[in-house]
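Subject: Structure handover

Hello,

Here is the structure I promised to pass on. Please open it beside this email as you read.

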Amino acid sequence: MQYNIIGEPLPVVVCDLEAGESMITERGSMCWMSPNMKMETTSNGGIGKAFGRMFSGEAMFQNRYTAMNGKGMIAFASSFPGSIRCYDITNENPLIVQKRGFLASESTVELSMHFRKNLGAGLFGGEGFIMQKLSGHGKAFIEIDGHAVEYELREGQSIVIDTGYLAAMSASCKMDIQSIKGAKNVLFGGEGFFNTVVTGPGRVVLQTMPVFAVAGAIRPFMPSGN
């Protein structure tokens, strides 16, 4: 499978498949394809994994697209202005992704739930208790809100992240929360009560324009109902 990501800040990834190659995606992500691409809606692992995907913010069922009788082409578009990034997934290097971050992947990549072991980090860290885990083997495409900024953390090295700006991280990273100290800072600083702390080793992918931040910025300019 070959691919080309074009069109930021409204990106699309165009994938060229060999005969018999397949890709999976969530409902509504496909935007155009060649006529020989066969679509099949599947639970992709059984009803248990389907429910797991639902709780992690994705649809229960996935669409599998397969190139039939020769090479095929298919394109997947981002649902929000930002970036699309491709990551090589292996069993030794799974990736943890924010809810609704998964766009598409080769059919050999498995999407499942990832529970945060630290309940506090799940409740107050800004990403929810349940995230997504990409494992298996193959290329996966992730939606990033805004521009993607990546850091490679060493063992024990940490980064403090404002709520909602964490897009993805290596499964080897650990996540916790850190309360903002000082009543004046909490009340007037505009940064909320908690920050997310991610500790290496592993990769951390940050996003510069979370959906909630955009919604908050435009809310004062929206007309109020009478």
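Below is what I found, starting with confidence and ending with a single residue.

**Confidence**

This is a predicted model. The protein averages a pLDDT of 83. Of its residues, 78% score at least 70. Strand β2 (residues 12-17) has the highest mean pLDDT among the elements, at 98. Helix α3 (residues 183-188) has the lowest, at 43.

Two stretches need care. Over residues 119-127 the pLDDT is below 50. That stretch still has 26 contacts in the model beyond near neighbours in sequence. Over residues 182-190 the pLDDT also stays under 50. Here the model has six contacts beyond four places in sequence. Where pLDDT is low, the predicted coordinates should not be read in detail.

**Overall make-up**

There are 226 residues, and 43% of them are buried. The protein has 19 strands and four helices. Take the contacts between residues at least 6 apart in sequence: 77% of these join residues at least 24 apart. About 11800 Å² of the protein is exposed. Carbon and sulfur atoms supply 57% of that area.

**Nonpolar cores**

The largest nonpolar core has 16 residues. Which of them touch the most other members? They are I89, L95, L134, I142 and V205. Five strands each supply at least two residues of this core: β8 (82-89), β9 (95-97), β11 (109-115), β13 (138-145) and β16 (166-170). β13 gives the most, with three residues.

I89 is a good place to start looking. Beyond its neighbours within four places in sequence, I89 is in contact with L95, V109 and L134. Its other contacts of this kind are S135, G136, H137, G138 and A140.

Another core lies apart from the one above. This other core has 15 residues, including V13, M23, M37 and A104.

**Two open sheets**

One open sheet has four strands, in the order β1-β2-β7-β4. Its pairing is antiparallel. β1 (2-6) and β4 (30-33) are the edge strands, each pairing on one side only. From one strand to the next, the twist averages 20°. Inside this sheet, six bridges join β2 to β7 (residues 72-77). L17 stands opposite G72 in β7.

Another open sheet has three strands, in the order β15-β18-β17. Its pairing is antiparallel too. The edge strands are β15 (158-161) and β17 (174-179), and each pairs on one side only. Here the twist averages 30° from one strand to the next. Four bridges join β15 to β18 (residues 194-199). In β18, T196 is the bridge partner of I161.

As background, strands of a sheet pair through backbone hydrogen bonds, either parallel or antiparallel.

**One residue to check**

T66 sits in strand β6 (residues 62-67). Is T66 buried or exposed? Its relative accessible area is 14%, and buried means under 20%, so T66 is buried. Leaving aside neighbours within four places in sequence, T66 is in contact with G20, E21 and S22. T66 also contacts N36, M37 and K38. M37 is one of the residues of the 15-residue core.

Best wishes

Technical notes. Residues are numbered from 1 along each chain as its sequence is written. This is a predicted model: local features need pLDDT of at least 70, side-chain atom pairs count only at pLDDT 80 or more; totals for chains, interfaces and linings use all residues. Side-chain values use heavy atoms; hydrogens and water are left out. pLDDT is the predictor's confidence in each residue, from 0 to 100. Contact means heavy atoms within 4.5 Å. Buried means under 20% relative accessible area, exposed over 50%, partly exposed in between (1.4 Å probe, protein chains only). Accessible areas come from the Shrake-Rupley method with a 1.4 Å probe; for residues, only the protein chains shown count as cover. A nonpolar core is a set of buried Ala, Val, Leu, Ile, Met, Phe, Trp, Tyr and Cys residues joined through side-chain atoms within 4.5 Å. Two strands pair if DSSP finds at least two bridges between them. Axes are lines fitted to C-alpha atoms, for helices over the stretch in contact, and angles run from 0 to 180 degrees between N-to-C directions.
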